[in-house]
Amino acid sequence: MVDKILEEEASLEPFIEKFNSRCGRPSTPVDTYIRMKYLKFRYELGYETLCKEVSDSIS
């Protein structure tokens, strides 16, 4: 359900306007960041565990 919400462009517009910077080094896309934060919260994962769990999906 969360994935369906995040697929809609309108739900991400406020975040893209605020955090989508063209300056500096490349960063993680906003939609990917929000999905990872949701998974971290939903499954009560630490940062390192979260990275291990999603590393195969990101690459």
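This report walks through a predicted model, going from the whole protein down to a few single residues.

## The big picture

Let's start with the overall build. The protein has 4 helices and 0 strands, so reading along the sequence gives the pattern α-α-α-α. Its C-alpha atoms fill a box of roughly 30 × 30 × 20 Å, taken along the principal axes.

How much of the protein is buried? Buried residues make up 12% of the 59 residues. A residue goes into that group when its relative accessible area is under 20%.

## How confident is the prediction?

Since this is a predicted model, it's worth looking at the confidence values before anything else. The mean pLDDT of the protein is 83, and 93% of the residues reach 70 or more.

Confidence is lowest in helix 2, which covers residues 9-19, with a mean of 81. It is highest in helix 3, where the mean is 88.

## A closer look at helix 3

Helix 3 runs over residues 30-42, which makes 13 residues. At 1.5 Å a residue it should span 18 Å, and its end C-alpha atoms do sit 18 Å apart, so expectation and model agree.

Which residues of helix 3 are buried? They are V30, I34 and M36. These residues cover an arc of only 160° around the axis, so they lie on the same side of helix 3.

Not every residue in this helix is tucked away like that. L39 also belongs to helix 3, but L39 counts as partly exposed because its relative accessibility is 28%, and the partly exposed class falls between 20% and 50%. L39 and S11 are 28 residues apart in sequence, and their C-alpha atoms are 18 Å apart in space.

## Where helix 2 meets helix 3

Now for how these two helices sit together. The axes of helix 2 and helix 3 come within 10 Å and cross at roughly 115°. The two helices are therefore roughly perpendicular to each other. As for handedness, helix 2 passes helix 3 in a right-handed crossing.

I16 is a handy residue to look for here. I16 lies in helix 2 and, with 28% relative accessibility, it counts as partly exposed. I16 and V30 are 14 residues apart in sequence, yet just 6.5 Å separates them in space, C-alpha to C-alpha. V30, remember, is one of the buried residues of helix 3.

## The loops on either side

Before helix 3 comes P29, in the loop between helix 2 and helix 3. P29 is partly exposed, with a relative accessible area of 46%. P29 and R42 are 13 residues apart in sequence, and in space the C-alpha atoms of this pair are 20 Å apart.

On the other side, what happens just after helix 3? There, E44 takes a positive phi of about 50°. E44 does this although it is not a glycine.

Where does E44 sit, and is it buried or exposed? Its place is in the loop between helix 3 and helix 4, the latter being residues 47-58. E44 is exposed, with a relative accessible area of 73%; that puts E44 in the exposed class because the class takes in values over 50%.

Technical notes:
Residues numbered from 1 in each chain as written. Predicted model: local features only at pLDDT ≥ 70, side-chain atom pairs only at ≥ 80, totals over all residues. Heavy atoms only, no water. Expected span 1.5 Å × (residues − 1). Buried < 20%, exposed > 50% of the residue type's maximum accessible area, 1.4 Å probe, protein only. Arc of directions from axis to C-beta. pLDDT = per-residue confidence, 0-100. Axes fitted to C-alpha atoms, helices over the stretch in contact; angles between N-to-C directions. Parallel < 35°, antiparallel > 145°, perpendicular 65-115°, else oblique. Left-handed = near helix turned anticlockwise from the far one by under 90°.
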